[in-house]
Amino acid sequence: MMDDTSLILMVGLPFAGSILAAALPTSSRTAAAALAGAVTLVCLVLAIALYSPVASLGAVRNEIDWIPALGLNFSLRMDGFAWMFAMLITSIALLVVLYARYYMSPEDPVPRFFSFFLAFMGSMLGIVLSGNLILLVVFWEMTSIFSFLLIGYWHHNAGARDGARMALTITGIGGLGLLTGVLLIGHIVGSYELDAVLASGDLIREHPLYVPTLCFILLGALTKSAQFPFHFWLPNAMAAPTPVSAFLHSATMVKAGVFLLARFWPVLAGTEEWFWIVGLSGMMSFVLGAYFAIFQQDIKGLLAYSTISHLGLITMLLSLGSPLGAVAAIFHMMNHATFKASLFMAAGIIDHETGTRDMRKLSGLFRFMPFTATLAMVASAAMAGVPLLNGFLSKEMFFAETIETHVSSILDTAAPYAAFVGSAFAVAYSIRFIHGTFFGPPPTDLPSTPHEPPFWMRFPILLLVLACLVVGTLPGYTIGPYLHTAVTSVLGNRTPEYSLAIWHGFNLPLIMSLGALAVGLVLFAFLKNYLATSEEGPPYFRRLKGQRIFERAMVTMSWRWARFLEGHLGTRRLQPQLRLLVLVALIAAAWPLTVLGFNHDKLTLAGADPAFVVLWAIGITCAIGAAWQAKFHRLVALVLLGGAGLVTCITFLWFSAPDLAVTQLLVEVVTTVLILLGLRWLPQRSKEIVASEVTLSAKLRRYRDLAFAAAAGTGMTLIAYAIMTRATPETISNYFLEKAYTEGGGRNVVNVILVDFRSFDTMGEMTVLGVVALTVYALLRRFRPAEDSVESPEQQRIQNADDDARPDRKLGDTVSDYLLVPAVIMQWLFPVIIVFAAYLFMRGHDLPGGGFAAGIAMAAAFILQYMAAGTVWVEDRLRVLPVRWIGIGLLLAVVVGSGSWVLGYPFLTTHSQYIELPWIGAVPAATALLFDFGVFSLVLGATTLMLIALAHQSIRRLRAPRPSPSTSGEAS
Amino acid sequence: MELVLSIGIGVLIGSGVWLLFRPRTYQLIIGLSLIAYGVNLFIFSMGRLKVAAPPVLASGGPVNPADYADPIPQALVLTAIVIGFATAALFLVVLLVSRGLTGSDHVDGREPN
């Protein structure tokens with residue numbers, strides 16, 4: 001039980017720490033470092049404590065249901081291999097946190113750095129501890145994202161931005177590949193649980209989908225580990241702060257790829273495809289990475305290429321499919337992390353102290369920082385594979401493995417030669433790193449004078465270098481048992497006999513090691529003078545840059561192709577887009593009509609009520625008339641639109657939908673008022689275009705549009721008719737009809753559906769209405785009309801001129817005279833409409849009416865007052881607070897809904913009963929009524945808010961918009 | 001009856017679609033309103049047409065669903081009417097503001113060349 005919790009804590013704590021660190025003030029460098037250090041230390045202690053259960057039980061597991069329906073569990077699992085990685089991650093993270101405390105400048109936003117850092121560590125621990133493959137992919141993607149953020153930490157630097165983007169693109173693509181591969185594995189095995197997958201190796205290897213699965217998984221692993229041909233992102237990621245390079249790009253993140261290869265080794269390895277793809281990629285990375293490293297002038301660049309090379313070595317070992325190879329690979333993962341992290345930290349110190357990382361400028365630093373230099377030399381020696389250091393041990397095992405024949409092929413035959421050449425290169429670049437920076441004459445023109453860094457900045461390096469030495473001299477006593485636990489958890493009963501002794505006798509691997517040392521030394525002596533002044537990058541190859549190819553591909557895809565597609569297929573004009581939309585809709589609708597058939601024989605007018613026919617003759621005339629007049633006679637079009645709306649309203653009433661009829665009628669009123677208010681701000685368009693001026697192309701365009709419209713209309717007629725004349729299938733309506741009274745406590749089924757059965761939907765719709773109203777309000781707050789609409793309308797000007805001219809009249813008298821009679825009626829109607837709204841509301845649950853209708857009716861009452869007496873008059877006497885109504889409505893709905901939680905029912909469960917009131921009689925008192933009051937309040941608020949906001953524009957002092965922004969928009 | 005209503009729906013939608021393709025924003029708002037009528041009627045008619053059978057229960061006794069019009073399309077259309085009003089209002093305001101900013105009431109925000 002304790003151990004389960006430890007696993008959760010190990011993954012959860014870093015993220016919690018990350019959020020905390022993000023909340024710290026920008027300047028709190030030490031606090032952030034202390035927080036990160038504490039979190040990391042706790043994780044490390046937890047990992048240490050977990051060793052004995054892991055070693056005795058084989059694996060510690062913790063499973064939490066996540067989406068059990070899909071077989072996805074949040075399952076964590078720590079076996080020996082995962083333990084080893086967890087130790088590696090947490091211990092190096094702790095050292096890097098200590099180092100970063102001194103490395104980061106007080107001017108940088110340091111808490112942000114540690115926030116990203118901790119989140120990255122959490123994701124990395126998540127990868128190694130995931131017991132479910134989907135979970136693993138999620139953490140995998142998170143490492144890509146946090147790596148992106150960390151590389152781009154100095155985002156004011158273009159190199160950092162480019163490097164971050166490239167790393168994210170490459171590893172992100174790999175992550176998608178991995179996801180595909182994992183889905184394929186899940187398909188083959190039938191489970192995403194790691195235990196189940198590891199147990200079905202034969203099943204996967206013999207499955208017809210094995211090769212695609214392998215390719216996708218490898219795409220993920222090789223991109224992450226920066227293996228050839230995806231290696232080029234790693235050197236560009238060196239734009240990151242050095243602690244990041246030390247942690248992510250040597251010890252952990254790039255190790256995630258080889259971790260995955262080793263994790264899936266028992267399941268995927270051992271086939272010819274595995275050997276060729278993994279082996280070739282590993283060998284190319286090993287040799288080319290080492291070769292490129294020799295010619296780097298940037299010390300971090302040298303280390304980056306060296307990392308590619310060492311990861312290539314691990315990949316090669318894993319490709320062989322032999323258990324001994326896997327042992328060597330796992331061993332080298334740890335060794336490499338130790339010496340490479342220390343080297344990166346040393347490089348960071350050099351950069352920090354001298355202000356440059358260019359080896360052409362650096363030299364003779366030994367006399368300034370002898371301590372750091374000694375540590376770096378030991379670490380470099382480990383990197384080169386010098387005896388008595390840990391690098392030597394795993395390299396010996398590597399040589400021994402390459403000499404063995406595993407799969408007889410060219411690649412296998414070439415392996416020992418490639419291994420020898422690569423190792424010689426490794427010796428050369430290791431010497432170059434040391435010689436170029438620490439030896440030679442004292443440096444000239446350095447940006448700053450170097451000296452030894454603070455002790456605590458050197459301390460992490462010291463520890464790591466000590467580890468190199470101890471493991472290198474006493475492997476069996478130090479690393480031995482832990483390595484064995486890790487190896488057993490990967491290889492199971494295939495674990496081979498191996499020995500970690502330093503001295504295996506004077507055998508071929510030892511000769512190869514010594515030979516590589518000698519050849520590397522000679523090579524360096526040859527190149528020394530050339531390298532002192534040469535350009536960055538190896539001769540000939542420096543022009544062939546993966547980075548350049550990547551950039552070119554990115555530009556081609558995201559710019560040229562996108563521009564081409566936009567230019568040829570896209571349009572910024574609305575009309576073609578709408579035409580396309582209608583066309584798609586036509587095709588989509590024609591499909592079922594042709595497949596399922598249409599009842600031609602029933603196309604009959606028989607049984608139609610003549611009154612209904614006349615009604616729709618009017619409706620059709622109104623609709624066509626509105627379409628005809630909408631351009632030049634807006635008011636006419638609006639009136640005709642209202643006509644079509646009334647016909648719709650009567651149709652609802654005719655076919656037994658009184659609720660709809662009431663609502664439609666009321667909405668019709670407010671819509672008309674709204675559009676009338678808007679008309680004033682539209683441009684004048686009085687001149688009719690003379691028929692002869694219409695060009696042929698314009699005519700053709702209109703005919704085409706007419707054809708589209710006719711097709712759409714005919715299609716709708718056919719579909720509507722086809723459905724209406726078919727029998728009703730069994731629907732859930734019967735349920736609602738039967739239960740409305742017994743369970744909803746109301747007789748008006750439509751209202752019961754809205755406020756009871758489907759009240760959650762209604763709540764959503766209310767929210768939309770409220771949002772729209774607020775948007776309208778916000779848009780109009782800074783409304784600037786077009787220049788030609790700023791002036792008062794013509795009629796108003798004439799009236800005002802008349803009022804001005806006659807001394808007995810005040811401004812606005814004419815208008816109030818015109819409206820004298822209507823105004824009296826409208827003002828007297830105010831209480832009447834309020835009573836009407838209340839009536840609609842109260843009867844809503846049992847008879848047509850309800851919150852929607854009542855809300856709009858009430859809004860109409862307010863609007864009539866505005867129309868009758870003018871905005872100023874009304875607002876002097878009446879406090880209308882629409883935003884508050886909206887708020888009350890939403891709150892009420894939520895409170896009523898949550899009330900049912902308190903009583904132990906699901907959200908928005910209603911309760912209904914009747915209360916006997918004196919004089920009035922039985923009154924329905926369902927909680928749904930309260931909800932309906934929320935609806936009422938919100939509809940009232942929203943409608944009034946929109947109308948009043950628009951009405952206010954007429955009395956504001958308006959300004960035309962400033963000319964500059966809209967004209968400059970043309971150029972872009 | 002069904003045919004008359006179907007033709008009515010068709011004409012509403014057809015007139016609306018014609019206006020959708022017009023260049024002026026006001027035409028668009030009228031067109032969208034017409035389409036809204038057509039679509040509301042269409043959804044409503046999915047419950048089939050019944051005369052004098054509103055879904056208002058007579059008494060608390062056992063219910064025979066065949067005696068009543070389908071309440072579901074009605075409930076859907078009821079909210080659709082209100083939301084339709086809201087979107088019309090939003091669109092109206094957007095077109096006014098856009099005309100204020102661009103000086104044009106063309107749907108693309110600038111006069112065609």
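Q: Is A226(A) buried or exposed in this predicted model?
A: The model is predicted, with local features needing pLDDT of at least 70, side-chain atom pairs counting only at pLDDT 80 or more, and totals for chains, interfaces and linings using all residues. A residue is buried if 20 or more other C-beta atoms, placed from the backbone, lie within 10 Å of its own, exposed if 12 or fewer, and partly exposed in between. A226(A) has 28 other C-beta atoms within 10 Å, so it counts as buried.

Q: Where is A226(A) placed in chain A?
A: Residues are numbered from 1 along each chain as its sequence is written, while chains are lettered from A and ligands numbered from 1 in the order in which they are written. Helices (H or I, at least four residues) and strands (E, at least two) are DSSP runs, numbered from the N terminus. By that numbering, A226(A) sits in the loop between α10 and α11.

Q: What is the phi of A226(A)?
A: Most residues other than glycine have a negative phi. A226(A) is not a glycine, yet its phi is positive, at about 55°.

Q: Which residue follows F228(A) through a cis peptide bond?
A: Most peptide bonds are trans. The bond that starts at F228(A) is cis, with omega near 5°. Its partner lies in the loop between α10 (210-224) and α11 (233-236) of chain A. That residue is P229(A).

Q: How exposed is L388(A)?
A: L388(A) is in the loop between α18 (370-384) and α19 (390-403) of chain A. It is not a glycine, and its phi is positive, near 75°. It has 13 other C-beta atoms within 10 Å, so L388(A) is partly exposed.

Q: How far apart are the end C-alpha atoms of α19(A)?
A: The expected span of a helix is 1.5 Å times one less than its number of residues. The 14 residues of α19(A) should therefore span 20 Å. The helix is mostly covered, with 13 of its 14 residues buried. The ends agree with the expected span, at 21 Å.

Q: How many residues of α34(A) are buried?
A: Helix α34 (residues 794-805) of chain A should span 16 Å, and its end C-alpha atoms are 16 Å apart, which agrees. The helix is hardly covered. Among its 12 residues, the buried count is zero.

Q: Which residue of β2(A) stands opposite I67(A)?
A: Two strands pair if DSSP finds at least two bridges between them. Strand β1 (residues 59-67) of chain A pairs with β2(A) in the antiparallel sense, over eight bridges. Strand β2 (residues 72-79) of chain A is mostly covered, with six of its eight residues buried. Opposite I67(A) stands L72(A).

Q: Which helix of chain A has the highest confidence?
A: pLDDT is the predictor's confidence in each residue, from 0 to 100. Chain A averages 85, and 94% of its residues score at least 70. The lowest confidence is in helix α41 (residues 964-968), at a mean of 42. The highest, at 94, is in helix α28 (residues 634-654).

Q: How many contacts beyond four places in sequence does the model have for residues 964-972 of chain A?
A: Two residues are in contact if their C-beta atoms, placed from the backbone, lie within 7 Å. Over residues 964-972 of chain A, pLDDT stays under 50. The contacts beyond four places in sequence number four.

Q: What percentage of the residues of chain A count as buried?
A: Chain A has 41 helices and four strands. Residues 24 or more positions apart account for 78% of its contacts with a separation of 6 or more. Of its 972 residues, the buried part is 47%.

Q: In what order do the elements of chain B run from the N terminus?
A: Chain B has 113 residues, and 65% count as buried. Its secondary structure comes to three helices and zero strands. The order is α-α-α.

Q: Which residues of chain B does UniProt list for "transmembrane region"?
A: The entry is unreviewed. UniProt positions are given in the numbering used here, feature names are shortened, and annotations may be inferred rather than shown by experiment. In the model, residues 6-21 of chain B are 94% helix, and residues 28-47 of chain B are 90% helix. The record lists residues 6-21, 28-47 and 75-97.

Q: Which helix gives the most to the side of chain B that touches chain A?
A: In total, 81 residues of chain B are in contact with 104 residues of chain A. On that side of chain B, α1 (2-20), α2 (25-45) and α3 (71-102) each supply at least two residues. The most, 25 residues, comes from α3(B).
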